Structures are given as C-alpha cells and as structure tokens.
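The following exercises are meant to be worked through with the sequence and the model at hand. Try each task before reading its solution.

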Amino acid sequence: MVRASRIDSDTDLAALLDSPPAGSDPAVLLALRHLEETGAWVLFESAIADLPADLRWLYESGAVTTHQLALLHEHCGVTALADLAAAIHSQSIRRVDGLGETVERAVAAVLPELRLSIPRIPLGRADALVEPILTQLRSLPGVVWALPAGSLRRGQDMVGDIEVVAAAADPSPALEAVAGVPDLDRVLLKSARCAYLLVNRTQVGVRLPAPDNAGSTLLYLTGSAGHFNLLRRRAADRGWQLTSEGLQAPGGALRAAASEEEIYAALDLPWIPPEIRHGEDEIAAAGRGALPRLLTEADIRGDLHMHSLWSDGRDPIEKMVRTCRDLGYEYMAITDHSPASGVAHTLTVQNVQQQTEEVAELRQRFPEIAILHGCEVDILPDGKLDFPDRVLERFDIVLASLHHRAGHGPDQLLRRYLGALRHPLVTLITHPTNRMVPHRPGYDLDYGRLIDAAVETGTLLEIDGAPSHLDMDGTLSRRAIAAGATVTVDSDGHHADRLSRQMHLGVMTARRGWVEARHVLNTRPLAEVRAAIAHKRAR
C-alpha cells in the first residue's frame, strides 16, 4: 500500500485525487491529510465530498482527524458503517498506534447518529440501480455468486446502504468489470477486494470475499443488527464467538463458511430468509421449527392489477398481455381507473363497452392466457363507488381504492372503506394505506377493523408492488394474514417492461410480512380465483 512518504508533490496529490481508481485508497486518505495541513481548503473540501459516505460523515462528525481516518481504513478495514461496528466490537481500533481507546470511544459515541445525515433511497430505485451490477458480476467466470446485502436484501421500504457481496477467488476481473458499469459517475475508492462506486449519484459498495468464507461476509453485511446480535448470543451459548469475520472457536480458530447456511447449521438453525431477519421473533421460530415457507415469485400464477392506455398506463392492453404471457402467467387482469381517480385518461360509463370489445378480441388471439376484464374503481367521499352497479357487474373483477382523503379524518376514511368492503361486487381493496414512498405516510386509521371486515366479508386485501406504494407493508401484511385475511400480490403495473420488477418488489414486501403462498389468492388456479370472486358476489 502507498504510505505518506510516497506523496511527494502537488502533482502526485492531484493525480491521486483526480484518479482514485488507479490508486490505493489509503493514499487518497493520506493525500487529504496533506491538503488539510497545507491549507488547500477548496481541494480538501472537494476531496472529502468524494469519499465513501460513511468515511465522509465520520470525519465531519469531528470524531477523527484525516490521519486517524486513514489509519482506520488501512489497519481496521473501515470503509462503511458495518466495518466501524465490527471494529468497535472486536476492539481492533484500540490496538492501532495513533488510534487507541480514546478514538474508539469517540467513534462509538457518534456511531448511532452517523447515518442520520445520509439520505435513504426507495427500495425500487435501489433494486434498479444494483441489478446491472449484479448481472455483470454473475456473468464473470471467476464469480461463484453475487447478491445484494444490507437493507436492500432485506427488502426494506427505504434503503440506507447499497452493498453487493460477490464470492471470487481472484477479485481483479470483478473490480475491472464494475469500473465500467452503466451510469457510473466515478470510483470513490478501490482496494484489493472492495470498490465503492458512485452510480447515478448513489453510492454502491462491492465486496469480493474469497469463496471459502464469503457466507460470513454476506451474513454480517445483510443484518439486521438485531438479528445478528441474536445469532451472536446463540453462538456464545454454544461456546462460539460470532464476529463479522465468521464463527470462531473458543481458541480463536475461524470456522470458514462458504454459505450462510453453514453458519445457521452450526448454530442448530435452518437458514432464515433475509426478509424476516428483523431481530424480533424469527430466531425463536426457527429454533422450534416454525419458520414460514415464504411466498416466492415462482408461486405467482397471475397478476390482478395493472393499467393500460385506457387510463394512466403507458402501454396498450396487447403489450401487457404479451408480457404477462411471456412471464408464464396463467391469467391477468386489466384494471384501469374510473373517472374520479384524477388521472388524465380513465374508463367512463360510455367507453367501458369499447374496452370490453378490445379484451374479447385479445382473448381470441391469446387463448394461452386468461384475460380478466376489470377496473380499479374509486371510493367516493360519500362512500359510494365511482361506477353504478349496472356497470360494475359487467367486469370480471372489481378493485376498489381510496385515492383522495377529501379532508376526512380516520373515522370517515374507515367508514368509506367499510362500505366498499361490504359491497358484493368489490373483490379486492388495493394499497389500503395509500401511502406514497417516501413522500406521504399512509392513512392513520384503525387497520384492525379494516382487516376484520375483510375477513368477515371475504374481501381480498392487496400487497402492491408499485415502488411508490409497497402497500400493505410487511408489518400490516403480517397482521392481515394472522387475522385470517386472504391477500393478493400484484404489480400495479403501468409499463409492460416493469411488470416483472414490480411483482418482484411485491413478493419481497409480502415475504417481510411472513406471507406464504397459501395466504395469496393469485398463487391459485384460475378456477379458484373465479370461485372467490363469485363467492363474494353471492354474499
């Protein structure tokens, strides 16, 4: 690695700061120290802004100097928050000359607030950003596997860290490949088995552990902190020590783990899906053999909520049909908006018949997939539905939504919902909280009563995969299925090429709520879907 004595001139400094991919990251950090000492504040502040986010905010917290930042990175392997937490837990900071216990205490004191200044990004954007990086890594012959980690892998609504872990014996080809990913702004730092990139103005960390212990890295970086601490306690009860590097025997010998499964097995546990690693009751459930068999994308037989050019969709019905067929679905539902939704184009009483005729023609051309003709009808401020019953009964399936609060408080909103739930022609309530991630919280109302009414009336509740909704979230989904409600998981797609991604996000959100295939109507054959609709209409 490059030491301070190697930085001999302003020319060397400029080269390091302008071209960090070619240099060693300790050299960049030591260059910062030189700029600080010589009073080159404009260059210094610019260079600080280009550091990986957690290093930048650690410095700006006042806990460390640039020299100490370089020592933390070089000797303790610190680049991100997870590394800091591991270094504090292992007490490695206090053993480094120039750091010691005083710096360790200072870092520990600011750690809980370190991420408060770093904005989180929505799950959908994080998933889209990381996909091309994962695709590129998985295509390389030396990469055994590549997966997201952190809150992205756990499917949190808002992602605070984008980290990728890829097992690779020789990391060099992977480091070279990620330096050329689409929309790359620049490489922030690069070392032997790690790169931090700025992609479309968002930081992405790529870690490339050796395959024989890559499972330990993935487990630690996936978290959550609560889940890992529960595992750590369980390991201690069995005489082991679980660290960021993996399981260690009482004598300190590392038990390498190529996969997460090996660590869970050593702790007498089955592998626990990342979406339910909340640090709550998942370890206890795993210990007694009560983990759910979580829903998978392969379980989904059809998508019951999407929009076309007839309302605010961006593609014609035919393109939506072709895409659903290519995804292997048995059935799909076109569910455009009613007039009160407020979108530019909507279904109207006058043009429903015209759309019916288009759907009928497409059924003739695409007999391999069942096309349900439906609508997403608004629940009006007076509690009525936006179409009269004589129109609604012509649809194969009716979805009901609250899109406008209309100045109503929780009790009035709930009354509007309860009226729709009791309506025999309403099959499904979509995105019940009507939140808009990350800008608008959901309605504040009694969801226990809403769920109970759904169970009582046989009305479905939706887990919506649109990245702006992800609604019901994991917590509310778990409440719903625990109460006996049946749910659907839908894309709420407005673009044909996003149907698959949004279904993926919906399934991930459902998994956070411990949802199994048996809880989801659209994992069942078409005959059962039609029977459920008919049963509600007969009530």
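**Exercise 1.** Locate Ser-308 relative to the secondary structure elements, and decide whether Ser-308 is buried or exposed.

*Solution.* In this predicted model, Ser-308 is found in the loop that runs between β11 (302–303) and α15 (317–326). The next step is to consider its relative accessibility, which is 0%. Since a residue is called buried when this value is under 20%, Ser-308 counts as buried because its relative accessibility is 0%.

**Exercise 2.** Identify the residues that Ser-308 touches, leaving aside those up to four places away in sequence.

*Solution.* With that exclusion applied, the residues touched by Ser-308 include Gly-313, Asp-315, Pro-316 and Ile-317. The list of contacts also includes Ile-334, Asp-336 and Gln-355.

**Exercise 3.** Assess whether the radius of gyration of the protein chain agrees or disagrees with that of a compact globule.

*Solution.* For 539 residues, a compact globule would have a radius of gyration near 24 Å, and the protein chain, at 27 Å, agrees with this. The C-alpha trace spans about 85 × 50 × 50 Å along its principal axes, and the chain contains 22 helices and 17 strands.

**Exercise 4.** Describe the burial, contacts and exposed surface of the protein chain.

*Solution.* Begin with burial: 55% of the 539 residues are buried. Turning to contacts with a separation of 6 or more, 68% of them are accounted for by residues 24 or more positions apart. Finally, the protein chain exposes about 22,400 Å², of which carbon and sulfur atoms supply 50%.

Methods:
Residues numbered from 1 in each chain as written. Predicted model: local features only at pLDDT ≥ 70, side-chain atom pairs only at ≥ 80, totals over all residues. Heavy atoms only, no water. Helix = DSSP H or I, 4+ residues; strand = E, 2+ residues; numbered from the N terminus. Rg over C-alpha atoms; globule rule 2.2 N^0.38 Å. Buried < 20%, exposed > 50% of the residue type's maximum accessible area, 1.4 Å probe, protein only. Contact = heavy atoms within 4.5 Å. Areas by Shrake-Rupley, 256 points an atom, 1.4 Å probe, with all protein chains shown as cover.
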